[in-house]
Amino acid sequence: MHEFSGQDYFDWHVDTQPRDGTGRTINVNVMLSPSEAYKGGDLVVGTERLDSLGKGDLYWYPAGFPHKVMDIEAGLRHSLIIAVKTNTVTGRESWKYWDEVERNFNRIRGMQPEVSKWHWLHGEHMAALGQQHEADVCFANSYASTPQGTLYAAKFDEDGQKLVSMGRLDESLGFFRMAALIEPTSELYASHFRSIEQALSNPVPP
């Protein structure tokens with residue numbers, strides 16, 4: 001059971017990821033408090049905001065979908081969360097479940113690309129599938145969608161240069177890649193990435 005009171009909230013998250021071994025597929029939220037007992041605390045699943053749930057109402061959704069609870073402005077909000085587990089995420093039908101989760105991520109990111117946390121959660125999803133390049137693109141989009149996006153890119157590039165100065169070229173590559181992904185129009189960041197990539201591909205003989 002979850003209890004939320006003044007200023008409590010639950011930020012964007014998912015409750016299962018590919019290959020996490022939980023078998024969790026569906027969340028069922030049962031509202032235990034009457035709507036007049038609290039203010040705020042809306043359940044948001046993707047782009048859908050549920051602001052009229054009363055005592056006894058329930059709502060179910062795939063556990064892999066991003067969701068959150070808005071700030072509680074007043075009162076107490078109690079809800080019961082039921083985690084449904086099946087063999088869907090580990091059996092032969094797993095691709096259907098995760099394909100639907102992937103389509104949902106792409107849909108909501110297209111509708112509201114400014115929500116940084118969605119990009120990050122999508123990146124974790126792709127990393128769990130072993131698709132690291134796609135994950136890095138999502139992580140970069142997460143940084144880029146914040147007001148500090150250009151600062152993040154500059155910091156990644158700066159850290160990459162520090163690693164180069166220490167002779168750690170292989171480690172620097174990921175930093176330069178991230179800077180270039182965050183700021184794809186920057187020729188400076190792209191050139192830093194290309195130069196290290198080339199140096200690693202054609203090492204100078206000792």
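**A guided look at domains, strands and rings**

Guide: Let's start with the layout: the domain assignment of the chain gives domain 1 (2–88) and domain 2 (148–201). Keep in mind that this is a predicted model.

Visitor: Fine. What separation do the centres of domain 1 and domain 2 have?

Guide: Taken over C-alpha atoms, the two centres are 40 Å apart.

Visitor: Now the strands, please. How do strands of a sheet pair?

Guide: They pair through backbone hydrogen bonds, and the pairing is either parallel or antiparallel. Here is a case to try it on: an open sheet of four strands, in the order β2-β8-β5-β6, with antiparallel pairing. At its edges are β2 (10–13) and β6 (48–50), each of which pairs on one side only. On average, neighbouring strands of this sheet are turned by 10° against each other, direction ignored.

Visitor: Can we zoom in on one pairing? How many bridges link β5 and β6?

Guide: Three bridges, in the antiparallel sense, with β5 covering residues 43–45. To find the spot in the model, look for valine 45, which stands opposite glutamate 48 in β6.

Visitor: Let's move on to β3. Which strands does β3 pair with?

Guide: There are two to look at. Seven bridges join β3 to β10 (residues 77–85), and these strands run antiparallel. Five bridges join β3 to β7 (residues 58–62), again running antiparallel. For landmarks, isoleucine 26 stands opposite valine 84 in β10, while asparagine 27 stands opposite tyrosine 61 in β7.

Visitor: Why is β3 described as largely enclosed by the rest of the structure?

Guide: Because seven of its eight residues are buried.

Visitor: And what comes after β3? Where does serine 33 lie?

Guide: Serine 33 is in the loop between β3 (24–31) and β4 (38–40). Its relative accessibility is 4%, so serine 33 counts as buried. The side chain of serine 33 reaches the backbone nitrogen of histidine 78 at 2.8 Å. Leaving out residues up to four places away in sequence, serine 33 touches Tyr38, Gly54, Lys55, Leu76, Arg77 and His78.

Visitor: I also see plenty of rings. What describes a pair of aromatic rings?

Guide: Two values do it: the distance of the centres and the angle of the planes. In this structure the count comes to eight aromatic pairs. One of them is tryptophan 12 with tryptophan 118, an edge-to-face pair at 5.0 Å centre to centre with 75° between the planes.

Visitor: Which parts does that pair tie together?

Guide: Tryptophan 12 lies in strand β2 and tryptophan 118 in helix α2 (residues 116–128), so the pair ties together parts that are 106 residues apart in sequence.

Visitor: Are those two tryptophans buried or exposed?

Guide: Tryptophan 12 and tryptophan 118 are both buried.

Visitor: What about tyrosine 143 and tyrosine 152: why is that pair tilted?

Guide: Their ring centres are 4.7 Å apart and the planes stand at 50°, so the pair is tilted. A tilted pair has an angle that is neither under 30 degrees nor over 60.

Visitor: Is each of these tyrosines buried or partly exposed?

Guide: Tyrosine 143 has 19% relative accessibility, so it counts as buried. Tyrosine 152, with a relative accessible area of 34%, is partly exposed.

Visitor: Which cluster do the ring pairs form?

Guide: Ring pairs link Trp120, Phe139, Tyr143, Tyr152, Phe156 and Phe175 into a cluster.

Definitions and conventions:
Residues are numbered from 1 along each chain as its sequence is written. This is a predicted model: local features need pLDDT of at least 70, side-chain atom pairs count only at pLDDT 80 or more; totals for chains, interfaces and linings use all residues. Side-chain values use heavy atoms; hydrogens and water are left out. Domain bounds come from an automatic or database domain assignment. Two strands pair if DSSP finds at least two bridges between them. Helices (H or I, at least four residues) and strands (E, at least two) are DSSP runs, numbered from the N terminus. Axes are lines fitted to C-alpha atoms, for helices over the stretch in contact, and angles run from 0 to 180 degrees between N-to-C directions. Rings of Phe, Tyr and Trp (its six-membered ring) pair if their centres lie within 6.5 Å; planes under 30 degrees apart count as stacked, over 60 as edge-to-face and the rest as tilted. Buried means under 20% relative accessible area, exposed over 50%, partly exposed in between (1.4 Å probe, protein chains only). A polar contact is a pair of N or O atoms within 3.5 Å; within protein, one must be able to donate a hydrogen and the other to accept it, and residues adjacent in sequence count only if both atoms are side-chain atoms. Contact means heavy atoms within 4.5 Å.
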